[in-house]
Amino acid sequence: MVQIANPIYDVVFKYLMRDEKLARLLLSAIIGEEVISLDFRPTEHHFPLGENLMVLRMDFSARIRYANGEEQLIILELQKAKLATDIMRFRRYLGEQYRNKNNVVQESPEDYASRQALPILSIYFLGHKLEHTTAPVIRVNRQYIDAATGEEIEGREIFIESLTHDSIIIQIPYLKGHRRTELEQLLALFDQSYATNDRHMLHIEETELPERYRPLLRRLQQAIAEPVVREIMDAEDDLIEEFKDYQRQLADKELQLTKVELEIAKKEEVISQKEEVISQKEEVISQKEEVISQKEEVLSRKEEELQQARQQLQLAIKTLFEAGQTPEHIAGIMNLPLEKVKQLLN
């Protein structure tokens, strides 16, 4: 059993990749093609995020030799992160790569118009799990397909290669127990199930690694002896703890905000219920007012009818009186009180 520095830490990973020969060895295994030269590019960024994994981005110019002997210069973008929320950051970095005017095959000034954009290959070390697959290593390889026949087109087009890219995703949580291929055996160097009580260290069985990859293991052993490496690992832990404290504080504030929002929602519900009761009362009042209005309308019509009947009665009494009938006689004929007859005659 061999003890190595945990390459999940930025400082250890960078220490490993600082040896160009070992960096080419690791990247060749991941890509599945021989990396014959490698140049670091000045675009490294890292930020503390998550429980045991920092966000790291490194870019390389790499010359690849394929199995058929063909060579190609490409941009290798290597990123590692823990949080699933890093998708937008990855997109932003890719946008920067596509925008970067230096990501071209450099030609002499007179040939400027014929310069070609370098293909990009993205490699992601993820500390979190994807939703739909438990595969430790996922290769996203583009295919050119004839839309009419469904047949694959073998030739590579500069236009397509300049605007699209392949990716390799390594899910660190799923490395445990997977040693089916030489690459999975190599990636045992990142298997966090080998962590000791000191999470800065991993205990690796040397025989698990193919012999040609053991120099990587030796490099990680050397990292343990580097005081600066250990100090920076401690510093990364401190930053992570600070970030976790910040996350807890943020979670507490979000919880408090949620409680306040719930209280507001309850009050709004009570107000809404009261408004509904008021609305119902207003509707009842409106209905009563409508009934009163209808009654007043009926009364008005009845008063009008009574007035018409009174006028007709008065006309009849006056007609009889003018014909020589006495008020007493008219009262008897019409079965009315004498006083009423006299009142209508006036």
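A polar contact here is a pair of N or O atoms within 3.5 Å; within protein, one must be able to donate a hydrogen and the other to accept it, and residues adjacent in sequence count only if both atoms are side-chain atoms. One such case sits at the start of helix α2, where a side-chain oxygen of Asp19 comes within 3.1 Å of the backbone nitrogen of Lys21.

Some ground rules. This is a predicted model, where local features need pLDDT of at least 70 and side-chain atom pairs count only at pLDDT 80 or more, while totals for chains, interfaces and linings use all residues. Residues are numbered from 1 along each chain as its sequence is written, and side-chain values use heavy atoms, with hydrogens and water left out.

The chain has nine helices and nine strands (DSSP runs numbered from the N terminus: H or I of at least four residues for helices, E of at least two for strands). Of its 346 residues, 34% are buried (under 20% relative accessible area; exposed is over 50%, partly exposed in between, with a 1.4 Å probe and protein chains only).

Back to α2, residues 20-31: its twelve residues reach 16 Å from first C-alpha to last, close to the 16 Å expected (1.5 Å times one less than the number of residues). Nine of the twelve are buried, so α2 is largely enclosed by the rest of the structure. Among them are Leu22, Leu25 and Ile30. Just after the helix, Gly32 takes a positive phi of about 85°.

Strand β8 (residues 166-171) is also largely enclosed, because six of its six residues are buried. Asp166, Ile168 and Ile170 cover one side, with Ser167, Ile169 and Gln171 on the other. Its partners (strands pair if DSSP finds at least two bridges between them) are β6, parallel through six bridges, and β7, antiparallel through four. Leu126 stands opposite Gln171, and Val137 has Ile170 as its bridge partner.

Now for charges. There are ten salt bridges, counted when a side-chain nitrogen of Lys or Arg is within 4 Å of a carboxyl oxygen of Asp or Glu. Three of them are listed here:

| Acid | Base | Closest N to O |
|---|---|---|
| Glu20 | Arg24 | 3.5 Å |
| Glu208 | Arg179 | 2.8 Å |
| Glu297 | Arg301 | 3.5 Å |

Glu208 lies in the loop between β9 and α6 and Arg179 in the loop between β8 and α5, so this pair ties together parts 29 residues apart in sequence. Glu20 and Arg24 are four residues apart in α2, about one turn. Glu297 and Arg301 are likewise four residues apart, in α7. Elsewhere, Glu34, Arg65 and Glu71 are linked in a network of salt bridges.
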